[in-house]
Amino acid sequence: MASVGTSSRRKEGPEKLTGEARYIDDYPLEGALHGVTLRSKVARGILREIRFDPSFDWSSVVVATASDIPGENCVLLIEKDQPLLASRELNHLEEPILILGHSDRAKAYEALEHIEVVCDEGEPVLTMEEALANGAVFKRYEIVKGDLEAGFRGADVVVEEEYRVPHQEQAYIETNGIAAWEEKDGTLVLIGSMQCPYYVHKAMLGLFPRAPEKIRVIQTVTGGGFGGKEEYPNLIAGHAAVLALKAKRPVKIVYDRAEDMRATTKRHPARIRHRTGVKKDGTIVAQEIDVLMDGGAYVTLSPVVLSRGVLHATGPYECPNVRVVGQVVKTNTPPNGAFRGFGAPQTLFAAEMQVEKIAARLGLDALAVRRKNLFREGSVTATGQVLKESVGAQEVLDRAVAISRYLPRKKECERWNRRKAAPSWRGVGLAAVFHGAGFTGSGEVYLQSRATVSLLPNGDIEVEAASTEIGQGTTSILASIVADALGVPYEWIRVSTPDTAKVPNSGPTVASRTCMIVGGLLKRSADELRRALEKEGVAWPPTPPALKRAARKVCANGRPFGFVQEYERPGDIRWDDARYRGDAYGVYGYAAMVVELEIDKLTYEVTVKEVITAQDVGRAINPLLVEGQILGGTVQALGYALLENAIFDKGVMANASFTNYVIPTTLDTPPMRVEIVEKPYSLGPFGAKGVGELPMDVPAPAVAAAIHQATGLFLTELPLLPERILKAMHDRAHRQS
Amino acid sequence: MRGDASSMKLLRPRSVEEALRLYAASPHAVPLAGGTDFMVAWNAGDANGRTILDLSRLTPWKRIAETKTGVRIGALATHRELQVHPLIRKRLPLLVEACATIGGRQIQFRGTLGGNIANASPAGDTFPPLAVYEARVRLRSAGESRTIPLLDVFTGVKKTALARGELIESIEIDFPRRPARESFRKVGTRAASAISKTVAAGLLWLSSDGRIREVRFALGSMAPTVRRLSSVEALLAGKKPTSRLVAEAVDLLENDVSPIDDLRSTRAYRLEVSRNLLRAFLSTGLAR
Amino acid sequence: MIELTVNRKKRRYRGPAFKRLLDVLREDFELTGTKEGCGEGECGACTVLLDGEPVNSCLVPVVQAEGSRVETVEALGAASRLSPLQQSFLDQGGAQCGICTPGMLMTAVAHVRSGGSADPDSVRTALAGNLCRCTGYQHIVAAVVDTAKRERTRRARAR
């Protein structure tokens, strides 16, 4: 029976339900020290001296500083600007200065209180605007299509607006944690909560130079990542390792919630300006977009976030004349990083609200404006990419509109709002988005991902890839793909734990690439394995005894009979990195959403009543898991839209707790109806594209559009707090009087 | 987690008398009931080395007992126990509603009314109902006992009038005459498990001629301590509830509170929403 | 020394009396199923049943659990023999990354055992003190609703 397309039982499921799954803090680690981090208390300064209180008993404490790093004091990602431990310059609050360890966690924290850091404090740059004025730009991109000025000349109306989106905290329920130790044979081992074992491996090689096989990185069961454990683990792993090597004992570092929220990466805040030329009938003829993002104090992944941001900045609309300029700047705040969507939720909020504004200006329904401009097969994007196949944009829009009864529902809300005695205002909002699957442009080629399918000596079939299961069901979907490629039961497939000593580097678990790219590699490996076994005389489909017999024959010297595939860029994908033109992504996912909400007239609190969404994922390898991704991503984005207010004060998060940074509870979450649409991608395994991030892009603008319909207020800044709704109402009343 | 268990000193009285004696001898000890406030600070490392006076074995203080005129709630009664108690449900429904909004169920099963009062947060959700029910708090120390109005217990943000060695023994409430209107509303940072931005409770009695006999309205999170809107109440007493009177009353609200901007909300929002809640309470029949 | 019953076994704890119940379970009794997510009593990942009621074990000093019955996720079932609630979670996608799952299950099981309503809004209210960042709650609520329905049916038949 085929596995793809069915909701096969999750392989990694049962142990998570019984408490048997082991997350990093569940490992006892005999003789380990608890590592804690001394962090900068200034946003900018020069470190002069570190003073240890002589009255404190330091005998049981081990301390590691920058001088204990044998290799280069830098956390390798893109640039080499971020030190593992600050030695001279302090560039943001919470910047790590030293790591200390004690066998008792409480005593380790106590020791931190007995260290004084003497520094010359400087004047920090805390806003994007100030950074830009100073020219502190990490990266700039420009996308040009057609003739912008001609486009504006041909427009009937020009609509301008500025949008702002804040930091967002990933708020995985398991905080960051890594343990490190050195084995007797000199192998440095790191285990912990992470999305990308090979990123950690590469970073460790730079810090602790040795042969690559002498660094081993193993992912433990990970309690959520959402991008927050994409690059940040490089830093915490380096910290655990430097102390472990100094102490010659294992070190475990696990952050508490407040530290995790204050010190680790967040979604890049952004300011997005739109200037759009449109015809009276709603046709978009010119798009001028300016994207400014706050990268924090170090480059980390900001160029890539900006890249995805600008590549999605137009929204899923075809426009002949486009200019997008994007910049990401340096401020003296903790570096920002990956969070589900990775630049696209920011720019798509703006793009979709711009459509809402255009519709209002022209007196058209936002649905009509979308239908006029929405991508279809054959459309050309801002980078000149022709969308050749798997374009579900129209279909998801049609489905969401139909299922939700969007137009009649809008009218019902209008009727409701005319009732003066109604206790609330009601509104329906619509949004449509696209999301490129896989790495941008030449990114996948650069990654050179590899993945393996093997027949083991005992007759089992094993998948080896570096893709991590962080809740999305990686293990299960890769097993499904391989099972169906081989034509054998899903239950026969084993998936290896991501351990760099064992699995090849199939790239990071990010960018909605695991199913499409890594799954694609594994499908080809499986095809090769099958052909090879058939050549060896195995009748297909095989029985378990037949596989065992074959294994005895082909697994020479007890080694697996395996086939590895390396990523090859499909021949017709062309990308010019220098001019930012061409096929930005192999394929895109598409989503549309209708949100109905209610705003209490006494308190301005927003209650989302229902969410209806249709999302094109190419092919749902496991429909239950796909639905889970859509539901989960939607609620994270509802939090982004309505609740999650990251307050920054003097350069650091002031509300770093679950008490004061609120994420949605069960009672903040509406009933959600998910419709999976499948427009297969010819180069995806069984037609699959990606689904991890797409759901994050669409809810926030749908909510803002619904608030617009409910109240007439066009709000341009997230989150859409009751305080802001109230203030906007007051400002409007003031203007009108 | 930065709490250091080995640094703590623990006093574990088995009786009320022992507790009061120990507390008199160690007045700097931290009385611990359900722990839902204190342990958060302890987890952050802010209470290492303290002496804890563990009250959890004082069974007499867990009881909820009917009195001649109302109810006596032991300080160690939990918010969950209050929610399900038949007498409280019947006669003090605003208190039941408030208890159901505190944290999630896990907090409600552990947090106690006495602990909540002693913690004296400006945002205590039960305080507006207790204020309009005119609760009295019975305090005990090794030598003495006294009973004071709830509003006299709170002296500032997280500050109480409890003297050295004094513990809250119980909260006494006389059941009010059935009101014409009663209402509780909490406006939090999200739909559940949230700290209030403003929290309101109101009781209103009408005379047979339709005038307002008495109104009691209290707001939390609008000042360092819970506030009864005394100016508003004084204005309304004995008058016919017209829309002009209601508007006047709503304007007066600002006199009785002092809301601020903080991490959770703004002064402007708090004021406007509180006015809306008061107006709705006064205007609509059996406003909820 | 503090005696308490954990998952129906009498256990003895010897250590600082103010150690949190969460840490005693995880470290001294090696029951690592219960997790710490926040230390503030907000996320519910540390939920255990204390004398049958769900509490945040990160806020309970073990001394206050002396003589009590504690139940953790380990008591519900094993991977080879899941309880009905756990099976329902597995069938309906109630767990993604799994870190909130032990706490979520304990709150849910208390609701189901007490004859809690199978109405989705009642279930949501019961679970409001358990945060999940992965699932968006819908599959969790469906799993608990199903289990509550079956439990109520079972009780009705048993009468």
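**A walk through a predicted model**

Let us start where two chains meet: 44 residues of chain A and 41 residues of chain C take part in the contact between them. Keep in mind as you look that this is a predicted model. On the chain A side, two helices each supply at least two residues to the surface that touches chain C, namely helix 1 (13-18) and helix 17 (623-643). Which of the elements gives the largest share of that side? It is helix 17 of chain A, with eight residues. If you sort the chain A residues of this side by class, you find 17 nonpolar, 17 polar and ten charged.

Now stay with chain A and turn to another pair of its helices. Two packed helices are described by the angle between their axes and the distance between the axes. Here the pair is helix 9 (residues 344-362) and helix 10 (residues 366-373) of chain A, whose axes come within 8 Å and cross at roughly 115 degrees. Because of that angle, helix 9 of chain A counts as roughly perpendicular to helix 10 of chain A. The crossing of helix 9 and helix 10 of chain A is right-handed. You can find the residues that make the contact in your viewer: helix 9 of chain A brings A:Val355, A:Glu356, A:Ile358 and A:Ala359, while helix 10 of chain A brings A:Ala366, A:Val369 and A:Arg370. By class, this contact between helix 9 and helix 10 of chain A has five nonpolar and two charged residues, with no polar ones.

Next, move over to chain C. The domain assignment splits chain C into domain 1 (2-75) and domain 2 (84-158). Between the C-alpha centres of these two domains of chain C there are 21 Å. The domains touch through 16 residues from domain 1 of chain C and eleven residues from domain 2 of chain C. On the domain 1 side, strand 3 (47-50) and strand 4 (53-56) of chain C are the elements that give two or more residues. Strand 3 of chain C has the largest share of that side, three residues. The domain 1 residues that touch domain 2 of chain C include seven nonpolar, six polar and three charged.

Finally, have a look at chain B, which has twelve helices and 14 strands. How compact is chain B? Its radius of gyration is 19 Å, close to the 19 Å that the globule rule gives for 288 residues, so chain B is as compact as a globular protein of that length. Along its principal axes, the C-alpha trace of chain B spans about 60 × 45 × 30 Å.

Conventions
Residues numbered from 1 in each chain as written. Chains lettered and ligands numbered in written order. Predicted model: local features only at pLDDT ≥ 70, side-chain atom pairs only at ≥ 80, totals over all residues. Domains from an automatic or database assignment. Contact = placed C-beta atoms within 7 Å. Helix = DSSP H or I, 4+ residues; strand = E, 2+ residues; numbered from the N terminus. Nonpolar A, V, L, I, M, F, W, Y, C, P; charged D, E, K, R; others polar. Axes fitted to C-alpha atoms, helices over the stretch in contact; angles between N-to-C directions. Parallel < 35°, antiparallel > 145°, perpendicular 65-115°, else oblique. Left-handed = near helix turned anticlockwise from the far one by under 90°. Rg over C-alpha atoms; globule rule 2.2 N^0.38 Å.
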